Amino acid sequence: MSHKIELIGVEFASVKVTKATNWILAKIFDKDGLNAITEITCRIPIKRAVEFLSQSVLRLQGKTVNDQSEITMMLGLSESVLRSDHPLATAISALRTAIIDIQAQKNNISMTQFLGGTSQSKVAIYANINRSLLERDRSPSAFADIAERAVRDSRQDIQRPKPVLLRRKALHSK
């Protein structure tokens, strides 16, 4: 069941993760005192994503949002504009996520349940080897080295950014 939402504000926080990575978080508030925290990190230009999100929340103040699918229409945006503007798409994605989160809170259920999924008691985690190599050598052998280290550190599942052969033998075979 969807509940009507009226947004009243947004706050931002930055978390420095690595020399090259800052996570930008947005806390979006509704008039009933609920809030949702979403990540709006995008490589470049993050400042535009923050500005777009701030402007979007301002434009939606005083209006009722029934469903996240209404956001683009309410803001006068087309899908083609979103596909061609990464910072704008990032901001709208964060806004849609916040709407879903707040609606789930109003229904007193998890976002997973709100979206029609089944709650899980356990979730598998993985080692993300992509971000650890952002400012380093990104060769196949560098990925193999970091994957081997992750497995040695008891990581069972490795997320690969692209199909890359991660077995050293295969990389060096003739």
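**View 1. Bridge partners Val15 and Trp23 in the predicted model.** In this predicted model, Trp23 of strand 2 is the bridge partner of Val15, a residue that belongs to strand 1, which spans residues 7-16. The pairing between strand 1 and strand 2 (residues 22-30) is antiparallel and runs over nine bridges, and the connection from strand 1 to strand 2 is a hairpin of five residues.

**View 2. A nonpolar surface patch that includes Val15 and Trp23.** Val15 and Trp23 are joined by Val17 in a nonpolar patch on the surface, and the three residues together have about 220 Å² of accessible area. Val15 itself has a relative accessible area of 36%, which means that this residue counts as partly exposed, since that class lies between the 20% limit for buried and the 50% limit for exposed residues.

**View 3. Helix 4 and its surroundings.** Helix 4 comprises 21 residues, from 86 to 106, and the distance from its first C-alpha to its last is 30 Å, close to the 30 Å expected at 1.5 Å a residue. Helix 4 is largely enclosed by the rest of the structure, because 15 of its 21 residues are buried.

**View 4. The two ends of helix 4.** At the N-terminal end, helix 4 is capped by Asp85, which places a side-chain oxygen 3.2 Å from the backbone nitrogen of Leu88. Beyond the other end, just after helix 4, the backbone of Asn108 adopts a positive phi of about 60 degrees.

Note on methods: Residues numbered from 1 in each chain as written. Predicted model: local features only at pLDDT ≥ 70, side-chain atom pairs only at ≥ 80, totals over all residues. Heavy atoms only, no water. Patch = residues over 30% accessible without salt bridge, like charges linked within 9 Å, V, L, I, M, F, W, Y side chains within 5 Å. Areas by Shrake-Rupley, 256 points an atom, 1.4 Å probe, with all protein chains shown as cover. Salt bridge = Lys/Arg side-chain N within 4 Å of Asp/Glu carboxyl O. Helix = DSSP H or I, 4+ residues; strand = E, 2+ residues; numbered from the N terminus. Buried < 20%, exposed > 50% of the residue type's maximum accessible area, 1.4 Å probe, protein only. Expected span 1.5 Å × (residues − 1). Polar contact = N/O pair within 3.5 Å; in protein donor to acceptor, adjacent residues only side chain to side chain. Pairing = 2+ DSSP bridges.
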